[in-house]
Amino acid sequence: MLPYAFLHMRHNWKYFDKMRCLRKRSAVSFLGVLVICLLFMNLYIEDGYVLEGDKQLIRETATHQLNPERYAHTYKDLSNFSGSINISYRYLAGTPLPRKRYLTIGLSSVKRKKGNYLLETIKSIFEQSSYEELKEITVVVQLADFDSAWCDVMVQDISQKFAHHIIAGRLIVIHVPEEYYPILDGLKRNYNDPEDRVKFRSKQNVDYAFLLNFCANLSDYYVMLEDDVRCSKNFLTTVKKVITSREGSYWVTLEFSKLGYIGKLYHSHDLPRLAHFLLMFYQEMPCDWLLIHFRGLLAQKEVIRFKPSLFQHMGYYSSYKGAENKLKDDDFEEESFDVPDNPPANLHTNMNVFENYEASKAYSSIDEYFWGKPPSTGDFYGIVFEKPIKISKIKVVTGTEDRQNDILRHGALEVGEKIVGSKTGRKCTTYLRLGEFKNGNFEMTDVEHKVLFDISCMRILVTKSQKEWLIIRSISIWTSQTSSQ
């Protein structure tokens, strides 16, 4: 027998769907009605605030828009959903281990009219991971098609090809019965999408919501892939380095591919809220659009995307009607690449910074940079590490492809020791010059063999004034070991 909560939810969906059909000409959309009901059911907010917020929200959702910046507070209250969605999963292969892993990789797959790439995707995940990396990942495959015969065939193929990963607890295959899904027929045709397209993308939103809900407690982090993806070598090691480099900074979503819903990374503690969000707005718009709104509603305004990409779309035919889909991520690199460590540090400069291109943006692994107005002799860009380190390699790149003149024409790179000053004004008392910039760039290896002390500071020093502006595109530091002092 189905749980009462679910029957009640199904009843509400049917009721609201009838209401929507009867009120096609109303300025208040179905989504607006749903949000109002949820507000009354789940919130303890002053009446005046609710009414004013709902009036504006209704106006926006009636035109299929969500305003993340204005409604961040409202959404955080509305989505105070820390618990899981009350549905039952069928375990088709494998079961979760009691020990949490570092990363869960989620895949949702349906039967395609042309081509099937799921097995190749799973193979790529495991083959591109080292033995040590495999100990820290869990792969969850949701077979989200209602064709039970197809699901049986896929489970048999997966079980035969990846039996040892299933036994080791690294691979789990699940399915959610059709009766747990909301109504998928007669939905709103936003953006003039044909009815079957609306049904496909709405079901996909629900598929992802159920998958996220299942994965919420399996690991510290979660990354979503599609079922037609190949992976970069040792992608987990790169993901871990990136997460470490973001310690102390706020983020909701980190992106490791610029395509669709590929390579989007989340904290696992955000998954229940994201799952509820997708269910609330499942018929409004495609999943990747909803994810943009979710990120904005949780106060991450800008995309944080890393290059090179770690995941590549390999499918030739789409899961929707078997249409051709030749999209490729031109930032993808399949072979392992040398990702810098960039240990935690305080960044500062005495240069005249242009707009919001502040110093921190040069020390980031994402596609952004520091930009300053023409520097003068003696100007500097400084890095003070949180603790002394040993450095194996340093690489600094100035200028960009679009602004090739905005390079450091005359400069030097120095490293320092013996920090003095308060926490906000720390600096080194002595510096050692490692070398000069050439054509706007600096690179040096085997630094630990050339510097006899543990490095506490590093600075880029302007040795001659220039008329051109200065872009410091990237500062990359590789460490050999951390000082024990």
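Helices (H or I, at least four residues) and strands (E, at least two) are taken here as DSSP runs, numbered from the N terminus. The structure is a predicted model, in which local features need pLDDT of at least 70 and side-chain atom pairs count only at pLDDT 80 or more, whereas totals for chains, interfaces and linings use all residues. Residues are numbered from 1 along each chain as its sequence is written, and side-chain values use heavy atoms, with hydrogens and water left out.

The protein contains 13 helices and 17 strands. Of its 485 residues, 53% count as buried, where buried means under 20% relative accessible area, exposed over 50%, and partly exposed in between (1.4 Å probe, protein chains only). The accessible surface of the protein, computed by the Shrake-Rupley method with a 1.4 Å probe, comes to about 23,500 Å², and carbon and sulfur atoms hold 49% of that surface. With contact defined as heavy atoms within 4.5 Å, residues 24 or more positions apart account for 78% of the contacts in the protein that have a separation of 6 or more.

An open sheet is formed by seven strands in the order β1-β4-β3-β2-β5-β8-β7, with mixed pairing; two strands are considered to pair if DSSP finds at least two bridges between them. Strands β1 (90-93) and β7 (253-255) are the edge strands, each of which pairs on one side only, and the twist from one strand to the next averages 30 degrees. Within this arrangement, β5 (residues 219-224) and β8 (residues 264-267) run antiparallel and are joined by four bridges, and Tyr222 has Tyr266 of β8 as its bridge partner. Helix α10 (residues 235-245) packs on the sheet, where it touches β2 (101-109), β3 (137-143), β5, β7 and β8, and its direction makes about 120 degrees with that of β2. For such values, axes are lines fitted to C-alpha atoms, for helices over the stretch in contact, and angles run from 0 to 180 degrees between N-to-C directions.

The largest nonpolar core has 45 residues, and those with the most contacts inside it are Ile125, Leu265 and Phe311. A nonpolar core is here a set of buried Ala, Val, Leu, Ile, Met, Phe, Trp, Tyr and Cys residues joined through side-chain atoms within 4.5 Å. The elements that give two or more residues to the largest core are β2, α5 (118-127), β3, α7 (148-161), β4 (171-175), β5, β6 (229-231) and α10. A second, separate core comprises 43 residues, including Ile87, Val110, Tyr181 and Val206.

Helix α5 also holds Thr121, which counts as buried because its relative accessibility is 0%. Leaving aside neighbours within four places in sequence, Thr121 is in contact with Leu107, Glu226, Asp227, Asp228, Val229 and Met314. Helix α12 (residues 287-297) is mostly covered, as eight of its 11 residues are buried, among them Leu290, His293 and Arg295. Cys287 in this helix counts as buried because its relative accessibility is 3%.

A search of the whole structure, taking a disulfide to be a pair of cysteine sulfur atoms within 2.5 Å, finds one such link. This disulfide joins Cys428 to Cys457 with an S to S distance of 2.1 Å, and the link is right-handed, with 90 degrees about the S-S bond. Cys428 lies in strand β14 (residues 427-436) and Cys457 in strand β16 (residues 455-462), so the pair ties together parts that are 29 residues apart in sequence. Both Cys428 and Cys457 are buried.

Most residues other than glycine have a negative phi. Positive values are nevertheless found in Asn234, with phi near 55 degrees, and in Asn342, with phi near 40 degrees; Ala299, just after α12, takes a positive phi of about 75 degrees. Asn234 lies in the loop between β6 and α10 and is partly exposed, with a relative accessible area of 23%. Asn342, by contrast, is buried, with a relative accessible area of 8%, and lies in the loop between β9 and β10.

The loop between β9 (311-313) and β10 (345-349) also contains Pro343, which is buried with a relative accessible area of 12%. Not counting residues up to four places away in sequence, Pro343 touches Tyr363, Phe385, Ile389, Ile477 and Thr479. The C-alpha atoms of Pro343 and Tyr363, which are 20 residues apart along the chain, are separated by 9.8 Å.
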